[in-house]
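Student: I would like to go through this model with you, from the overall make-up of the chain to a few chosen elements. Could we take it one question at a time?

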Amino acid sequence: MATRKNPLFDTATTLGKILVFLGVSAICGVLVAGLLVPAAAVSGSAASGSIEFFDTLPAELKVDPPNQTTRILAADGSEIASVYKENRTKVALDQISPFVKEAVIAVEDSRFYEHGGVDTTGILRALVSTARGNRQGASTITQQYVNNVLNSNLAAEGRDEDIKLNGVNKGVGDKLREMKLAIALEKEFSKEQILEGYLNIVFFNRDAYGIEAASRFFFSTSAKDLTLPQAALLAGLVNSPSAFDPISNPENAKQRRDLVLTLMLNQGKITQADYDAAVATPVETKVTQPKQGCAYASTAPYFCDYALHLLENNPAYGADLAERQRLIYGGGLTITTTLDPKAQAAAQEQVNASAGANPDKWGAAMVSVQPNTGKIVSMAQNTTFLPAEGSFDSQVNFNVDKLDKDGNDLNGLGGAQPGSTMKPFTFAEWLNEGKSMNTVVNAAQRRYPLNFPWRNTCGQVTGAYNTAQKALGAADDLQNAEPQWYRPLSVLEGLYNSINTVTFASAAQLDFCGIQKIVDATGLHGGLPADGEPNPKINMSTLGNLLGSTQTAPLTMASAFATFANDGKYCEAIAITSVTDQTGAQLPAQSTNCRDAVKPEVARGVNYALQEVLNRGSGSLIQPRISTRTSFPIGAKTGTSNNNGSTWVVGHTTGLATAAWFGDALGAQDRSGQNITVNGKFYQGIDGYMIAGPMFSNFMSRIAPAYGTEPFPAPPSNLLNGGGGTNTRTPATTAPRATQAPAAPAPAAPQPAPEPSSNGNGNGNGNNSGNNDD
């Protein structure tokens with residue numbers, strides 16, 4: 001049975017009301033010496049017994065800045081996106097309309113400039129009203145500010161459950177503490193500082209904290225430009241943002257606004273004419289709905305998401321993910337990135353054009369870096385970050401690894417099989433061992449049995465190509481695209497025509513340990529975790545990796561090729577150049593981190609060969625041009641996986657390196673790119689130059705000249721001459737052909753015949769290999 005209340009003490013009875021009145025009045029008697037005088041006088045009244053009692057109450061109040069909106073900027077200072085826990089933009093008091101200040105004081109605390117933090121007159125009035133059965137608040141603006149600061153600090157610490165709300169979970173002790181802190185606050189801060197703090201922290205609705213955010217949300221204007229009726233409406237919202245919401249409750253909002261205007265008139269803050277004009281103004285809003293987060297980025301949502309993941313994974317921003325996210329999403333940071341909006345727009349245009357309407361959801365991605373800094377200039381893919389009707393949507397970033405080097409999530413696809421874009425690294429070791437690129441090797445050899453005498457001073461080479469020994473685990477015989485390539489060829493010709501048997505014939509004369517060292521030094525690694533490693537090494541002792549079997553991210557490939565452009569120095573990719581908090585203090589960001597990776601003469605030799613890929617090799621139809629007939633110094637390599645489900649072009653000028661990829665983004669490259677129709681065009685098999693190629697070519701034609709297209713330094717003569725080769729001409733900078741760089745998705749010029757897969761694999765079973773030549 002429910003316990004019955006004693007009617008003697010029931011506050012609904014007259015006696016109960018009197019007892020409540022007397023009890024609370026006793027508390028006020030204890031406090032009255034501190035409450036009846038302004039804060040300056042309170043500081044001189046410490047001898048009072050009542051003040052001594054009051055001083056025993058807790059006085060901690062950490063006035064930290066409230067949650068602020070964090071902005072992510074491109075390299076030119078333009079905003080990419082904003083993120084926040086609470087949508088708030090701090091503004092100075094002189095940047096807030098005087099109407100706002102007068103309206104808020106009129107309705108919330110008319111004696112604001114007279115009391116010392118707590119308004120005794122208001123308390124007594126509220127007590128009398130409560131004793132009569134009508135509840136009435138008595139919190140001053142200072143008290144409200146204290147309450148908001150306390151709750152904001154709790155929210156910043158992730159302690160939302162401890163937040164105290166008036167009339168909900170706030171007791172007498174909480175109220176006394178609030179009073180104490182209000183008086184202490186007024187000893188330390190001026191009225192103007194308190195009012196500014198209050199207007200920047202107060203809640204208006206779930207999408208607007210503070211007067212600036214509220215102004216932009218409800219009226220699409222700034223706080224300094226609010227009109228009198230707009231200011232009065234927002235001032236009236238503070239009491240009950242839901243009840244007086246002008247969008248959902250316009251009639252209530254008008255009544256509340258007009259009450260505020262009446263108070264302003266009665267207190268002499270506005271004239272009768274001002275009042276009459278304001279109350280005659282209809283309640284009209286012009287809502288600007290904030291769209292926070294990288295999903296709503298003005299450009300480059302995937303780059304934006306990548307940059308945020310870098311900060312979320314950085315222990316300098318907090319001991320754990322929750323602490324880092326509180327700082328990032330509530331700290332009012334300004335994050336300046338490396339993104340070039342012009343380059344990003346060009347990249348986005350190309351990837352969007354690659355597959356058109358794309359009902360089969362083929363993926364396209366392109367990323368560019370500056371060779372001498374590692375700065376990521378652009379990062380684009382042909383998907384929408386948010387679901388939309390008829391679109392290919394994905395929140396996975398096709399350009400980056402799945403995890404970072406410490407095993408933290410990057411939300412990346414983890415890459416794709418790079419195919420023949422791995423061949424330049426074997427070629428680099430050929431030059432590194434002092435061999436001439438014009439040395440002729442036996443490209444007719446197609447069988448490499450399990451006992452073939454490979455040389456590896458770091459370990460053993462695994463895998464084989466030998467149909468006759470297939471029962472022992474060997475893969476099919478090594479294949480080229482066409483029969484005329486099974487003959488003696490120079491190593492240079494083998495690279496620019498992408499001949500698989502030349503890569504193997506040259507590797508047969510090399511130390512695999514040297515190939516491994518070059519691959520590692522240029523930053524190449526697997527994009528998917530394996531064997532407990534988030535970014536596993538690409539094991540070049542596994543034969544299939546000579547032809548690109550291990551999934552590798554486009555950003556990794558672009559950075560590796562940038563090493564050759566940078567005369568042999570590898571620079572780690574970076575996305576964030578500066579982070580400042582709301583006070584302007586610098587927080588940890590990324591900086592250029594370069595190292596010697598390959599000898600300069602080796603890099604120059606590779607650049608020579610990669611230019612020939614575009615001059616007369618597998619990429620001859622996609623050479624970028626400034627005009628119809630004029631090209632510029634640029635090198636690249638095409639690549640295609642065994643089943644044509646992953647196709648590439650990776651290349652560079654002296655000032656910009658770019659990786660373009662097109663393929664299966666849904667099934668980890670399991671889907672075949674053969675006998676398919678893309679963008680209205682049928683392909684027997686997609687090769688690198690066909691779709692990724694035009695993406696690369698058109699982008700570099702537009703953007704590379706702005707980053708520098710100086711001639712590459714010539715390689716030393718010993719790497720060019722000798723070995724029975726005769727092809728030593730200097731790569732042309734003006735191509736003889738009149739064919740322009742084709743528009744995506746397919747080249748306008750006649751297409752060379754696609755080359756079949758070589759079906760080579762380092763583990764000997766023919767599966768999971770990525771080594772089609774093209």
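Student: How many helices and strands are there in the chain?
Tutor: This is a predicted model, so the elements described here are those of a prediction. Buried residues make up 56% of the 774 residues in the chain. As for secondary structure, the chain holds 23 helices and 18 strands.

Student: Among contacts between residues at least 6 apart in sequence, what percentage join residues at least 24 apart?
Tutor: Contact here means heavy atoms within 4.5 Å. Among the contacts in the chain between residues at least 6 apart in sequence, the share that joins residues at least 24 apart is 71%.

Student: Does the buried part of helix 15 line one face or lie all around, and what arc do its buried residues fall within?
Tutor: Helix 15 covers residues 341-355, and its 15 residues at 1.5 Å each should span 21 Å, which agrees with the 23 Å between its end C-alpha atoms. Its buried residues are Ala343, Gln344, Ala346, Ala347, Gln350, Val351, Ser354 and Ala355. Seen down the helix axis, these buried residues line one face, because they fall within an arc of 165°.

Student: Which residue just after helix 15 takes a positive phi?
Tutor: At the start of helix 15, a side-chain oxygen of aspartate 340 reaches to within 3.0 Å of the backbone nitrogen of lysine 342. Just after the helix, a positive phi of about 60° is taken by glycine 356.

Student: Which strands stand at the edges of the open sheet of five strands?
Tutor: The sheet has mixed pairing, and its strands follow the order 2-1-5-11-12. Two of these strands have a single partner each, so one side of each is left without a neighbour in the sheet; they are strand 2 (79-83) and strand 12 (586-587).

Student: Which residue in strand 11 stands opposite isoleucine 335?
Tutor: Strand 5 (residues 334-337) and strand 11 (residues 576-580) run antiparallel and are joined by four bridges. Within strand 11, the residue opposite isoleucine 335 is valine 579.

Student: How many of the nine residues of helix 9 are buried?
Tutor: Buried means under 20% relative accessible area, and the residues of helix 9 that meet this include Phe217, Phe218 and Phe219. What covers the buried residues includes helix 4 (98-108), helix 8 (191-201) and helix 10 (228-237), together with strand 3 (203-205) and strand 4 (208-209). Helix 9 (residues 211-219) is thus mostly covered, and the number of its nine residues that are buried is eight.

Key: Residues are numbered from 1 along each chain as its sequence is written. This is a predicted model: local features need pLDDT of at least 70, side-chain atom pairs count only at pLDDT 80 or more; totals for chains, interfaces and linings use all residues. Side-chain values use heavy atoms; hydrogens and water are left out. Helices (H or I, at least four residues) and strands (E, at least two) are DSSP runs, numbered from the N terminus. The expected span of a helix is 1.5 Å times one less than its number of residues. Buried means under 20% relative accessible area, exposed over 50%, partly exposed in between (1.4 Å probe, protein chains only). The arc is that of the directions from the helix axis to the C-beta atoms. A polar contact is a pair of N or O atoms within 3.5 Å; within protein, one must be able to donate a hydrogen and the other to accept it, and residues adjacent in sequence count only if both atoms are side-chain atoms. Two strands pair if DSSP finds at least two bridges between them.
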